[in-house]
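Colleague: Could you take me through this model? I would like to begin with the cysteines.

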Amino acid sequence: MFPTTGACGAHMRGSSGIYSPNISGWVYQNWQAARFGVVQRNAIYNGGSCHWFDQAKQIIFEDNTCIGNNPMTMGNNIDTYGGGYAQHVYIGSNDISQVWGNDREVMTYDNAGTTYFGPVASV
């Protein structure tokens, strides 16, 4: 297991563990406005949210185990707080546990005030 202290590569696959006392996928991992990345098969011990994808594009986040490590562990999101948009983000087959504090949302999609009302092309 290693602490998160700065930027990571575009692809994180099967690390022995990621420990973050705060939001692991935001400031600590520089996933904010991430592009073209794969985060797969990791054990992530998070104090804030496991991932926080602000304006993320073309991201795969799958087969990870997210474990809260303190009483303020909160939920995860795909958002556009910084403006712009998020697109093509796949989140699947993850195990998220021990989300105790803050908003207790396991997953949310927040934006800066815009909404898409178009059709779904395919699933």
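Colleague: How many disulfides does the count come to?

Modeller: The count comes to one disulfide, the term being used for a pair of cysteine sulfur atoms within 2.5 Å. Cys50 and Cys66 form it, with their sulfur atoms 2.2 Å apart. The angle about the S-S bond is -55 degrees, and the link of Cys50 and Cys66 is left-handed.

Colleague: Which parts does the pair tie together?

Modeller: Cys50 lies in the loop between strand E5 (43–46) and strand E6 (52–54), whereas Cys66 is in strand E8, so the pair ties together parts that are 16 residues apart in sequence. Strands here are DSSP runs of E with at least two residues, helices are runs of H or I with at least four, and both are numbered from the N terminus. Strand E8 covers residues 65–68.

Colleague: Before we go on, what is the status of the coordinates?

Modeller: This is a predicted model, in which local features need pLDDT of at least 70 and side-chain atom pairs count only at pLDDT 80 or more, while totals for chains, interfaces and linings use all residues. Residues are numbered from 1 along each chain as its sequence is written, and side-chain values use heavy atoms, with hydrogens and water left out.

Colleague: Back to Cys66, then: buried or exposed?

Modeller: Cys66 is buried, with a relative accessible area of 1%. Buried means under 20% relative accessible area, exposed means over 50%, and partly exposed lies in between, for a 1.4 Å probe and protein chains only. Cys50 also counts as buried, at 1% relative accessibility.

Colleague: And what is Cys66 in contact with, leaving aside its neighbours within four places in sequence?

Modeller: With contact taken as heavy atoms within 4.5 Å, the partners of Cys66 beyond those neighbours are Ile44, Asn46, Cys50, Phe61, Asp95, Ile96 and Ser97. In addition, the C-alpha atoms of Cys66 and Gln98 are separated by 8.5 Å, although these residues are 32 apart along the chain.

Colleague: Phe61 is on that list. Which aromatic pair does a search of the whole structure find?

Modeller: The search finds one aromatic pair. The ring centres of Phe53 and Phe61 are 5.8 Å apart and their planes are at 75 degrees, so the pair is edge-to-face. Rings of Phe, Tyr and Trp (its six-membered ring) pair if their centres lie within 6.5 Å; planes under 30 degrees apart count as stacked, over 60 as edge-to-face and the rest as tilted. Phe53 is buried at 1% relative accessible area, and Phe61 is buried at 0%.

Colleague: Changing topic, how many helices and strands does the protein have?

Modeller: The protein has zero helices and twelve strands.

Colleague: Which strands does E7 pair with?

Modeller: Strand E4 (residues 35–40) and strand E7 (residues 57–62) run parallel and are joined by five bridges; two strands pair if DSSP finds at least two bridges between them. Gln40 stands opposite Glu62 in E7. E7 also pairs with strand E10 (residues 87–92) in the parallel sense, over five bridges, and there Ile60 stands opposite Tyr90.

Colleague: Finally, what share of the residues counts as buried?

Modeller: Of the 123 residues of the protein, 40% count as buried.
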